[in-house]
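Reader: Hello! I would like a close look at one part of this protein, with the cut-offs spelled out as we go.

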Amino acid sequence: MWREDDFEQYAKFCADPEIMRFLGGKTFNLTESWRHMAYLIGHWQLQGYGHWAIEEKSSGRLLGRLGFLNPAGWPGFELGWMLGKEFWGHGYATEGARCALDYAFTELDKDHVISCIHRDNAPSIRVAERLGEKLEGEGELLGIEVLIYGVDRPFV
């Protein structure tokens, strides 16, 4: 779960144009970063699920966030992720998303999970495809055109 001492690192991520280019396209100042972190925590309170703070086991250092969103107006139950640049390309998003997807199907009893991805975000598209997600269509999310990938719960 999120801790107040995650904020400094989270604010650095949110202020980085390269990290934020596919997550709304604009950086956040300190106040906006605080409000966004509070939104993520509040999602847990209102929905019973949300984005986890992802941390390095050995140091407790914040690597990013990963988990589920489905607030009012959202296109569906979404699995999403965001990592600090220094953690890109190490498989953290894929590993975490696989665990989260399993959690969605087994613990949250979801039948379908989507991921909304900016069309130019090739690394996130590859993560979605590694999870077995397929392109289901296009949509708009917070004023941004996105591709909607999705996967159904496997039948066993």
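Reader: Which side chain meets Asp-111 in a salt bridge? Please start there, then take me through the other bridges and the pockets.

Author: Happy to. This is a predicted model, in which local features need pLDDT of at least 70, side-chain atom pairs count only at pLDDT 80 or more, and totals for chains, interfaces and linings use all residues. Residues are numbered from 1 along each chain as its sequence is written, and side-chain values use heavy atoms, with hydrogens and water left out.

The partner of Asp-111 is Arg-153: their side chains meet in a salt bridge at 2.3 Å, N to O. A salt bridge here is a side-chain nitrogen of Lys or Arg within 4 Å of a carboxyl oxygen of Asp or Glu. The pair links distant parts of the chain, with Asp-111 in the loop between H4 and strand E4 (112–118) and Arg-153 in the segment after strand E6 (144–152), 42 residues apart. Helices (H or I, at least four residues) and strands (E, at least two) are DSSP runs, numbered from the N terminus. Asp-111 counts as exposed at 52% relative accessibility, while Arg-153, at 23%, counts as partly exposed. For those words, buried means under 20% relative accessible area, exposed over 50%, and partly exposed in between, using a 1.4 Å probe and protein chains only.

The structure holds eleven salt bridges. Another one joins the side chains of Asp-16 and Lys-85 (2.9 Å, N to O). Asp-16 lies in the loop between H1 and H2 and Lys-85 in the loop between strand E3 (78–83) and helix H4 (92–106), so the pair ties together parts that are 69 residues apart in sequence. Asp-16 counts as buried at 15% relative accessibility, whereas Lys-85 is partly exposed, with a relative accessible area of 33%. Leaving aside neighbours within four places in sequence, Asp-16 is in contact (heavy atoms within 4.5 Å) with Thr-27 and Lys-85.

The loop between E3 and H4 also holds Glu-86, whose side chain meets that of Arg-61 in a salt bridge (2.8 Å, N to O). Arg-61 lies in the loop between strand E1 (51–55) and strand E2 (62–69), 25 residues from Glu-86. Both are partly exposed: Arg-61 has a relative accessible area of 39%, and Glu-86 is at 40%.

Now for the pockets. On a 1 Å grid over the protein atoms alone, a pocket is an open set of points where a 1.4 Å probe fits, with protein on both sides within 12 Å along at least five of seven lines; lining residues have an atom within 4 Å of a point. Grid points are joined across faces, edges and corners, and a volume is the space filled by probe spheres set on the points.

The largest pocket has a volume of about 640 Å³. Its lining has 29 residues, with Phe-22, Leu-23, Gly-24, Arg-65 and Leu-142 nearest the centre. E3 supplies the largest share of that lining, five residues.

The second largest pocket holds about 440 Å³ of space. Of its 22 lining residues, Trp-81, Trp-88, Asn-121, Pro-123 and Ser-124 lie nearest the centre. Here the largest share, five residues, comes from H5, while H2, E3 and H4 are among the elements that each supply at least two.
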